[in-house]
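This report examines selected helices, strands, core contacts and charged pairs. Please view the sequence and the model together while reading.

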Amino acid sequence: MANVLRNSAKFGFSGVLSQLSIHSRHGRECVSPCFSLQQRNNSTSPKIKVDLDNSTGVAVLRMQSPPVNSLSLDFLTEFCINLEKLEMDKSCRGLIITSVSTHTHTHTDTDTVTQSHKTMIHTITPPVCVVSQTLSKVSSTGLDIITLPVCVCVCVCLVSQTLSKVFSAGLDIMEMYGKSPERCGEFWKAVQEMWLKLYGSNMATIAAINGSSPAGGCLMSIGCDYRIMADNPRYSIGLNETQLGIVAPFWFKDTLVNTVGNRAAELSLELGLLYSAPDALKIGLVDQLVPEDQVLSTAQDTMSKWLAVPDHARQITKSMMRKQTIDKLLSNREADITNFVSFITKDSIQRSLRMYLEMLKSRKA
Ligand SMILES: CC/C=C\C/C=C\C/C=C\C=C\CC(=O)SCCNC(=O)CCNC(=O)[C@H](O)C(C)(C)COP(=O)(O)OP(=O)(O)OC[C@H]1O[C@@H](n2cnc3c(N)ncnc32)[C@H](O)[C@@H]1OP(=O)(O)O
């Protein structure tokens, strides 16, 4: 654990703001205004909202990165910073990770608004102007640009984006498709960092899984100490990498083996299985199913049981259970990055990713 914390110390807070502005992928975030707004609201970053209840010592981290909470470099950077801040905060003993279903953003603009196609524009003030219009997808970049000729004096508009019913769609495939080896390496290092921080956290961690959680989303869930999933037939969870033509790295595999045992992990990984909530419960991939509207409250009740155990005893035990798995990656980080980069940049793998992306988009059409 100490190693994990020492390793993570290299993420300085001064670097956070610059990372956030540099890596904004779609140009849909207006970083500075959002960041200051989030600070006023006691949240820490645009894609992630954190509320720490000082009376219980429990923080709720809500992922709010539409459309599917995919784990981009931006997202992972914010996630790690937030985790590090909570880890350093002695008053925080427990962490619940979940997804928000709605997300509000503030944009400062003059007369043009650029957003993704799932955006609804609700209100624009001042001048008073109400528009309610679902945008259609128009450009090859995936961005929609509309001009509001009647609102040439727009100063501030409140934009609400809707998240799909997902916990997290896993790694952002666009971070692995058509990117330079350097950028892929940077991305993979951030994926490693996210897992090291979460799996090695001193806090008691609970995943409140209120939506689908494939691949990297599943990794995030099994990186926690306990998993509560919404009993909704539309949701699934699992490490489905082979379905994309890619191979789950050894530390994904190790985390799954530690959670469900060797045989279930073998079947699950080789077939790239996505489990329904009841099937996930059956193999121990999640610990509890509850009605969707009770996921968070159950996580909070469960957390109080975890926090009834003296911290030092729980932390040392957790370290004893997970240290070997964590150390294996720590001593192979560079080789793991090299492997990832050479694997993911292969033509054949890039073709698989392209076909998978096309499949995702055509499924919708
Ligand atoms: C030898 C070995 C050495 C080293 C190791 C090497 C390699 C290991 C490498 C990688 C490991 C990767 C792990 C991963 O996490 S890969 C990501 C896997 N994720 C998935 O398969 C999920 C795909 N998504 C879905 O199934 C669905 O989107 C959903 C169930 C999450 C939600 O369904 P919805 O119907 O609600 O939403 P959609 O319309 O499908 O999606 C909306 C929108 O979002 C885009 N999108 C979805 N998922 C992703 C994603 N993971 N990354 C980027 N973008 C995503 C989707 O295309 C839609 O986009 P458009 O609106 O059409 O533009």
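By about how many helical turns are arginine 263 and glutamate 266 separated in helix H8? The two residues are 3 apart in H8 (residues 262-271), and therefore about one helical turn separates them.

## Basis of the report

The model is predicted: local features need pLDDT of at least 70, side-chain atom pairs count only at pLDDT 80 or more, and totals for chains, interfaces and linings use all residues. Residues are numbered from 1 along each chain as its sequence is written, and side-chain values use heavy atoms, with hydrogens and water left out.

Helices (H or I, at least four residues) and strands (E, at least two) are DSSP runs, numbered from the N terminus. Buried denotes under 20% relative accessible area, exposed over 50%, and partly exposed the range in between (1.4 Å probe, protein chains only).

## Salt bridges

Side chains of opposite charge can pair when their charged atoms come close. A search of the whole structure yields 17 salt bridges, each defined as a side-chain nitrogen of Lys or Arg within 4 Å of a carboxyl oxygen of Asp or Glu. In H8, the side chains of arginine 263 and glutamate 266 form one such bridge, at 2.9 Å from N to O. Arginine 263 is exposed at 52% relative accessibility, while glutamate 266 is partly exposed at 35%.

Aspartate 51 and arginine 62 also form a salt bridge through their side chains (3.1 Å, N to O). This pair links distant parts of the chain, 11 residues apart, with aspartate 51 in strand S1 (residues 48-53) and arginine 62 in strand S2 (residues 58-63). Aspartate 51 has 24% relative accessibility and is partly exposed. A network of salt bridges links Lys49, Asp51 and Arg62.

## Helix H13

Helix H13 comprises 18 residues (347-364) and spans 26 Å between its first and last C-alpha, close to the 26 Å expected at 1.5 Å a residue; the expected span is 1.5 Å times one less than the number of residues. Its residues Ile349, Gln350, Leu353, Tyr356 and Leu357 are buried. They lie on the same side of H13 because they cover an arc of only 120° around the axis, the arc being that of the directions from the helix axis to the C-beta atoms. The buried residues of H13 pack against helix H12 (333-344), with contact taken as heavy atoms within 4.5 Å. On the other side of H13, Asp347, Met355 and Arg363 are exposed.

Within H13, the side chains of glutamate 358 and arginine 354 meet in a salt bridge of 3.6 Å, N to O. The two are 4 residues apart, so about one helical turn separates them. Both are partly exposed: glutamate 358 has a relative accessible area of 46%, and arginine 354 has 37% relative accessibility.

## Strand S10 and the nonpolar core

All 6 of the 6 residues of strand S10 (residues 204-209) are buried. Ala204, Ile206 and Ala208 point one way from S10, whereas Thr205, Ala207 and Ile209 point the other way. S10 runs parallel to strand S3 (residues 94-99), joined by 4 bridges, and also parallel to strand S12 (residues 226-230), again by 4 bridges; strands pair if DSSP finds at least two bridges between them. Isoleucine 97 has alanine 207 as its bridge partner in S10, and isoleucine 206 stands opposite tyrosine 226 in S12.

The largest nonpolar core has 82 residues, of which Leu61, Phe79, Ile97, Met220 and Leu285 touch the most other members. Helix H5 (residues 181-199) supplies the largest share of this core, 10 residues. Such a core is a set of buried Ala, Val, Leu, Ile, Met, Phe, Trp, Tyr and Cys residues joined through side-chain atoms within 4.5 Å. Not counting residues up to four places away in sequence, isoleucine 97 touches residues including Leu61, Phe79, Ile206, Ala207 and Met220.
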